[in-house]
Amino acid sequence: MGSVFEWFILVLIIINVFLVVLDTFSGLPSWVVATSRTVEFVSLIIFTIEYVLRLWTSEYLYPDKKAAVARVKYAFSFMALVDLFAILPFYLPFIFPVDLRVLRMLRLVRLVRLLKINRYTKALSSISGVLRRKAVQLISSLFVLLILMLMASILMYTFEHEAQPDVFSNAFSGLWWAVATLTTVGYGDIFPITGLGRFLGTVIAFLGIGLVAVPTGIISSGFMEEINQNNLEEKSDELIEIERKIDIIMDILKTKEKS
């Protein structure tokens, strides 16, 4: 029954994300718009009931705490906040007067519902687990990248400001160029024209090839560790099951010997 409910919620989440995409199209037939609004309303009711039930039964997640404390603790957990933000845009206009432009922005918050999939799929849970375990290494590598971007931006301003005052107007104006170069994307909308600027661009491009690969390598190694850990857990479960069967067989044999 639990798996059926999980699949039902997953399908509902995917439908709601599709409805967000559908809202970006203009000139849709009236029946399509009406159906979309109906499906969204029904989904919101289901998501609201799910959120309330999870909040109400959260005391079972924290049996060592009082019911009120357990509910407060659960309410501020990541997945509970995701559930709340998934339904909040619908109820806010009824509580506070909201401008139409703000209402459009609130409707975009519906994309948060996509994060609800994390609760029902092992794949996304594995990703979040890897990111948590490798957080220190990832932050360190990203910090190095940030420092390099700032240095590249300041140096590029120094070399290119006189030649391109409109493009490199201050120390941070070359940050977009630094990001595009370090990530090897290279949009080409901003580029150096002086000799020193081009030399710096070459150096930054080569550094980007190596440094941008560091976070990727950290995440890849994290996934390998996750896979190995899952394999060990599966083997442990199999060994426990085999031991259980052996114990049953031994008990049967002992019973036969006694008889």
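Helix axes here are lines fitted to C-alpha atoms over the stretch in contact, and angles between them run from 0 to 180 degrees between N-to-C directions. The model is predicted.

**Whole chain**

Start with the entire chain coloured by secondary structure. The chain holds 11 helices and 0 strands, so read along the sequence there is nothing but α in the pattern, α-α-α-α-α-α-α-α-α-α-α. Switch to a surface: about 17400 Å² is exposed, and carbon and sulfur atoms supply 72% of that area. Of the 259 residues, 29% are buried. Among contacts with a separation of 6 or more, 66% join residues 24 or more positions apart.

**Helix α2**

Select residues 30-56, which form helix α2. The end C-alpha atoms of α2 are 39 Å apart, which agrees with the 39 Å that its 27 residues should span at 1.5 Å a residue. Now show side chains for the buried positions of α2: V32, S36, E40, S43, L44, F47, T48, E50 and Y51. An α-helix has 3.6 residues a turn, so residues three or four places apart point the same way.

**From α2 to α3**

Keep α2 and add residues 67-75, helix α3. The two axes come within 8 Å and cross at roughly 135 degrees. That angle makes α2 oblique to α3, because the roughly antiparallel class begins only over 145 degrees. To see the contact, pick R54, L55 and W56 in α2 and R71, Y74 and A75 in α3. By class, the residues of this contact are 4 nonpolar, 2 charged and no polar.

**Helix α8**

Move to residues 135-160, helix α8. From first C-alpha to last, the 26 residues of α8 reach 36 Å, close to the 38 Å expected at 1.5 Å a residue. Which residues of α8 are buried? Select L138, S141, L145, L148, M149, A152, S153, M156 and E160.

**From α9 to α10**

Finish with residues 175-182 (helix α9) and residues 195-211 (helix α10). Their axes lie 8 Å apart and the helices pack at an angle of about 50 degrees. This makes α9 oblique to α10, because 50 degrees falls neither under 35 degrees nor in the range 65 to 115. On the α9 side, display W177, T181 and L182. On the α10 side, display G201, I204, A205, L207, G208 and I209. The contact of α9 with α10 has 6 nonpolar and 3 polar residues, with no charged ones.

Definitions and conventions: Residues numbered from 1 in each chain as written. Predicted model: local features only at pLDDT ≥ 70, side-chain atom pairs only at ≥ 80, totals over all residues. Heavy atoms only, no water. Helix = DSSP H or I, 4+ residues; strand = E, 2+ residues; numbered from the N terminus. Contact = heavy atoms within 4.5 Å. Nonpolar A, V, L, I, M, F, W, Y, C, P; charged D, E, K, R; others polar. Buried < 20%, exposed > 50% of the residue type's maximum accessible area, 1.4 Å probe, protein only. Areas by Shrake-Rupley, 256 points an atom, 1.4 Å probe, with all protein chains shown as cover. Expected span 1.5 Å × (residues − 1).
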